[in-house]
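Dear colleague,

I am passing on the structure we spoke about, with the sequence alongside. Please open both before reading on, as my notes follow after them.

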Amino acid sequence: MSDASKIVAAITVLAAAAAAPAAWAATAKDVLVIGKSADPQTLDPGVTVDNNDWTVTYPAYQRLVRYKTENGKGLTSVEGDLATKWTVSADNLAWDFTLKPGNSFADGTPVDAAAVKFSFDRLFALKQGPSEAFPDGTVVTVVNPTTVHFQLKTPFAPFLYTLANNGAAIVNPKVMEHQKDGDQAQGWLSGHTAGSGPYQLTSWEKGQSIVLEPNPKFAGPKPPFSKVITKIVAEASARRLQLEGGDLDIAEDLPGDQLDALKKAGNGITVSEYPSLKVTYLYLNNKRPPLDKPEVRRAIVAAIDDGAIIDGILLGKGKPMGGPIPEGMWGYDASIKPAAHDPAAAKALLKSAGAEKIKLSFVMSNKDPNWEPIALATQSNLAEVGATVSIENIANATFRERLGKGDFDIAIGNWSPDFSDPYMFMNYWFDSGKQGLSGNRSFYSNPKVDELVRKAAVESNQAERTKLYQEAQKITVADAAYVYLFQKNSQVALRSDVKGFVFNPMLEQIYNVDEMSKSK
């Protein structure tokens, strides 16, 4: 049996074992139910860097700007959300935003310039992953109650677009009433919301469900749903069955074979496919022996058969990647070809590194149903070149903690950009100052690459930025910092009576629940 056939067989076995009967009757017209594989880690917008969390946090908060929608299509350009207008100095260092009047947090506290300053001061003080989207030394000041000023220390090309991402949420300053031991209210905000968005959190039963209800003080149109429920359903087969039974309106993270079955069956379900910049890749812990040797990392890249993974697990619905910037994002370098599957070269590299019989761990969770078969394929591929891989399938919360600490040899992840700029891939993945959950999850470090990506971040000329990023890409590919597996379109499975969903490639797993509705 070929590797691809083994992988498909493994998926079938796992799916059958996971199957569970549907449970409830169809959901009410004014209730939207989303099926998700795992709980959020935290709901604090100043801490979370996980799209899985943002399903809850994004509709609970507003930001200065938001991504545009035109003719039912999500765009990568922005428009005002809390801001009605803004101006920028000729040197791109001084930004002034004028706030729309009448916005309030859920407790009635006005959203003013002081609240904006508080939110960014808190974000910068926390020094967690979301703060990495903003340049060091940024100072925020209140000009008057409706005007807030940002003073950048150095130019930062994607600055305006970073203000649309989840970490730029404007938080009610009254959360400080819940501060404990100087934690900036992190403990409280990890399980509560304090925003001015269309919805607010009303309950969270871990492992069961999360309930959002309308914010009575929301200044925009009345939200269409009386409740938006995120239901935690760990197994993909169970999510599919509950979608078919009408117990879910949207089911996340279904594998390709199940999505194809849903398309063929119909049964009141729509599976839509959207062009995406989402990628899947393997983190190789560059700090941890023997992966601190580039030869060992190059051997792993050569050993892994990404073509078989794409054909066997994705059923051919993926594109191999040569480098870190996906096709469709400016800065993409078509001259960097996907690595060839070459077990002989992998063996030679391991021998030259004195690492012929290495033992490695592969850490993962069940967040994505494709991850386990990918881990099995990786284990098989590396066994062919003499390396032993043990797979650790752990709870998603524990998995995220270990990623942040660098407690792994090999791990797996999906990544989609929060704003349309190569910074999301090049600076996050390779800047040595962003190691850990912030983005550089391979704990890669190269002073020349640091120089290139940091220069690109402050350069205003896009052609020059492209040159810098493409030079950095060639270095990082040669260093084998990661294994680039594939880029694939996003597919969303939802009941056909759900109307108005708009996909945005910057907002994976985020739903425009303030604009959606159900026809019955």
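I begin with the hairpin that β8 and β9 form, in which 3 residues lie between the two strands and Gly 207, in the turn, has a positive phi of about 80 degrees. Please keep in mind throughout that this is a predicted model.

The two strands of that hairpin, β8 (residues 199-205) and β9, pair in the antiparallel sense over 6 bridges, and one of the pairs can be found by looking at Tyr 199, whose bridge partner in β9 is Pro 214. Strand β9 also pairs with β10 (residues 227-232), again in the antiparallel sense, here over 4 bridges, and in this pairing Val 211 has Ile 229 in β10 as its bridge partner.

Within β9, which covers residues 209-214, I looked more closely at Ser 209. Its relative accessibility is 17%, and because buried means under 20%, Ser 209 counts as buried. Apart from neighbours within four places in sequence, the residues in contact with Ser 209 are Ser 203, Trp 204, Ile 229, Thr 230, Lys 231 and Ile 232.

Some backbone details in the loops may also deserve a look. In the loop between α4 (159-162) and α5 (186-189) you will find Gln 184, which has a positive phi of about 60 degrees although it is not a glycine. Ala 185, found in the loop between α4 and α5 as well, is likewise not a glycine and has a positive phi of about 65 degrees. As for burial, Gln 184 counts as partly exposed at 22% relative accessibility, whereas Ala 185 is buried, its relative accessible area being 0%. Further along, the loop between β13 (279-284) and α8 (294-303) holds Pro 290, and the peptide bond that leads from Pro 289 to Pro 290 is cis, with omega near 0 degrees.

Helix α7 (residues 256-265) has Gly 256, Gln 258, Leu 259, Asp 260 and Leu 262 as buried residues, and just after this helix Gly 266 takes a positive phi of about 75 degrees.

Turning to the later part of the chain, there is an open sheet of 5 strands with mixed pairing, and their order is β15-β14-β16-β13-β17. Its edge strands, each pairing on one side only, are β15 (388-393) and β17 (482-487), and from one strand to the next the twist averages 25 degrees. Within this sheet, β14 (residues 359-364) and β15 pair in the parallel sense over 6 bridges, with Lys 359 standing opposite Thr 388 in β15.

Finally, how do α13 and α15 lie relative to each other? Helix α13 (residues 423-430) and helix α15 (residues 462-479) pack with their axes 11 Å apart and at an angle of about 45 degrees, and the two helices are therefore oblique to each other. Their crossing is left-handed. On the α13 side the residues that take part are Tyr 423, Met 426, Asn 427 and Phe 430, and these meet Arg 465, Tyr 469, Ala 472, Gln 473 and Thr 476 in α15. Sorted by class, this contact of α13 with α15 has 5 nonpolar, 3 polar and 1 charged residues.

With best wishes

Conventions: Residues numbered from 1 in each chain as written. Predicted model: local features only at pLDDT ≥ 70, side-chain atom pairs only at ≥ 80, totals over all residues. Heavy atoms only, no water. Buried < 20%, exposed > 50% of the residue type's maximum accessible area, 1.4 Å probe, protein only. Contact = heavy atoms within 4.5 Å. Axes fitted to C-alpha atoms, helices over the stretch in contact; angles between N-to-C directions. Parallel < 35°, antiparallel > 145°, perpendicular 65-115°, else oblique. Left-handed = near helix turned anticlockwise from the far one by under 90°. Nonpolar A, V, L, I, M, F, W, Y, C, P; charged D, E, K, R; others polar. Pairing = 2+ DSSP bridges.
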